[in-house]
Each structure stands twice: as C-alpha cells, then as structure tokens.
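Thanks for coming, everyone. Let me put the structure up, and then we can walk through it piece by piece.

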Amino acid sequence: EVGKEEFKEAAQSGEIMNICNKVKVKKGDLFFIESGTMHAICKGILLAEVQQNSNTTYRIYDYGRLGKDGKPRELHVDKAADVTKLCPPSIPSADERKKEVFDSAVKTELTSCDLFTMYKLDVDGKHSFAVDSTTFVSLLCLEGEGEVSCGDVTLSFKKGESIFVPASSGEVTVNGKLEILESTL
C-alpha cells in the first residue's frame, strides 16, 4: 500500500515500477481488475481481456515509448492519483468457483460483476445451451477444436478463434473437445 504523494512522486520520477506489486502469471490465470486498479501487461503475455467499453484511460508510465510525433506521450499522473486504488488487489482462490456439471461438459464461473459474467466451458462431446433475449454470448476457444451450431449455421471452431452469438439465437450446440471462455451480460 502506498500514499497518494508517494504514488505521484514515483510516477513523475519514472520509478513507479519500483512500488508496484508484480504478479508472476501462468497459463490459465484469471485476474478481475476492478476500476481504479493500476495494471500493466508485460511482454510475452497472451491474454483475453473482457471489459466494459470505456473511453477513460490514464497513462501513468509509458516505458520510455514515444508517440507518432517522436515525443514522449502525455502522462496523466494527477488524474490517476485521484482515482487509483493505492492498495494491493485481492485475488480469490480458484477453489471458490461455482461449477455446473453436464453429461459432456463442465461450466465453471470464473468471475461475475454487474457488467458481465465469465465462464470456462470444458466440452468433451456434444453440449447444448440456450441463448435467450437477456444477453448475447461470446465464445473464445482456448484449447482444442470442434464445431458450434445454431439454427442452420455450423462453424468450425479451434484454439484462438471466437464466435459471437447474438441474443435470442435459441439453442446453440458445441461439439468436440474444447476449452472455451464464455462471456455474457
């Protein structure tokens, strides 16, 4: 935990990384980053970022990068200091996650807030679910391959690909051996 003045001084001097909590990540990690949490993604990380659309980002540190004009990009230290949480975030245990077990699938709730819910869906065979009028469903294949069918449309689906299923689409069937990140409203 740091004070507001310590935060501003570290940001303005370029020493901000010295007061940050660094987290070693591994495949399959999940981090729910609440609004106001300072965060950065370092090199070598491949991630899926699910977020509320927002046009507000405060740049606190820019790793010495230059803008298109060849000059350092603008920093927003004072604005960031007013809204940044200055204490480490809590990271819930994976053991606390709710699971739903089906014949050919396991659906695990990863995180939920008032803006979205994320699940990990492990399918081995054929699994169907309904998409009603309350939300769309975004599917991102993390591992494996198979097919996704809805109505008269069947699409192949493999690691790295995503499928957007509009609200009110009705029954969706996933067939194959896949690990999917599912996001809903």
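Start at Gly-144. Its bridge partner is Leu-178, in strand β7. Bear in mind throughout that this is a predicted model.

That pair brings us to two strands. β4 covers residues 137-150. β7 covers residues 170-184. They pair in the antiparallel sense, over 13 bridges. Here is one more point to find on the screen: Val-148 stands opposite Val-174 in β7.

Now stay with β4. It also pairs with β5, residues 153-158. Six bridges join the two, and they run antiparallel. Look at Cys-150, which stands opposite Val-153 in β5. How many residues lie between the strands in the hairpin of β4 and β5? Two. In that hairpin, Gly-151 takes a positive phi near 60°.

β4 has a further pairing, with β6. That strand is residues 162-165. Four bridges join them, again antiparallel. Val-137 stands opposite Val-165 in β6.

Back to β7. Which strand is joined to β7 by 15 bridges? It is β3, residues 117-131, and the two run antiparallel. To place it, find Lys-120, which stands opposite Leu-181 in β7.

Let's zoom in on one residue of β7. Ser-183 lies in that strand. Is Ser-183 buried or exposed? Buried: its relative accessibility is 9%, and the cut-off for buried is under 20%. Who touches it? Leave aside neighbours within four places in sequence. Ser-183 is then in contact with Val-50, Thr-117, Met-118, Phe-136, Val-137 and Ser-138. You have met Val-137 already, opposite Val-165.

Next, Lys-107. This one lies in strand β2, residues 105-112. At 17% relative accessibility, Lys-107 counts as buried. What does its side chain make a polar contact with? The side chain of Glu-182, at 3.1 Å. Glu-182 is also among the residues that Lys-107 touches, not counting those up to four places away in sequence. Others on that list include Phe-102, Tyr-119, Lys-120 and Leu-121. Lys-120 is familiar by now, as the residue opposite Leu-181.

On to charges. How many salt bridges does the structure hold? The count is 12. I'll take some of them in turn.

First up, Lys-8 and Asp-78. Their closest N and O atoms are 3.2 Å apart. Lys-8 is in helix α1 and Asp-78 is in helix α2, so this pair ties together parts that are 70 residues apart in sequence. Lys-8 is buried, at 19% relative accessible area. Asp-78 is partly exposed, at 45%.

Next, Glu-34 and Lys-85. Their side chains meet in a salt bridge, 3.4 Å from N to O. Glu-34 lies in the loop between α1 and α2, and Lys-85 in the loop between α2 and β1, so parts 51 residues apart in sequence are tied together. Glu-34 counts as partly exposed, at 43% relative accessibility. Lys-85 is partly exposed too, at 39%.

Then Arg-65 and Asp-62. In this salt bridge the closest N and O atoms are 3.4 Å apart. Arg-65 is partly exposed, at 46% relative accessibility. Asp-62, by contrast, is buried, at 7%.

There is also a network of salt bridges. It links Lys-27, Glu-143 and Lys-159.

Last stop: the loop between α1 and α2. Asp-29 is found there, with α1 at residues 4-13 and α2 at 77-83. Asp-29 is partly exposed, at 31% relative accessible area. Where does its side chain reach? To the backbone nitrogen of Lys-26, at 2.8 Å. Now look across to Ala-94. It is 65 residues from Asp-29 along the chain, yet their C-alpha atoms are separated by 9.3 Å.

Val-25 is in that loop as well. It counts as partly exposed, at 43% relative accessibility. Val-25 is also one of the residues in a nonpolar patch on the surface. Its partners there are Val-23, Phe-31, Ile-33, Ile-41, Ile-45 and Leu-47. Together, the patch has about 570 Å² of accessible area.

That's the tour. If you want one picture to keep, take β4: it pairs with β7 over 13 bridges, with β5 over six and with β6 over four.

Definitions and conventions
Residues numbered from 1 in each chain as written. Predicted model: local features only at pLDDT ≥ 70, side-chain atom pairs only at ≥ 80, totals over all residues. Heavy atoms only, no water. Buried < 20%, exposed > 50% of the residue type's maximum accessible area, 1.4 Å probe, protein only. Polar contact = N/O pair within 3.5 Å; in protein donor to acceptor, adjacent residues only side chain to side chain. Patch = residues over 30% accessible without salt bridge, like charges linked within 9 Å, V, L, I, M, F, W, Y side chains within 5 Å. Areas by Shrake-Rupley, 256 points an atom, 1.4 Å probe, with all protein chains shown as cover. Salt bridge = Lys/Arg side-chain N within 4 Å of Asp/Glu carboxyl O. Pairing = 2+ DSSP bridges. Contact = heavy atoms within 4.5 Å.
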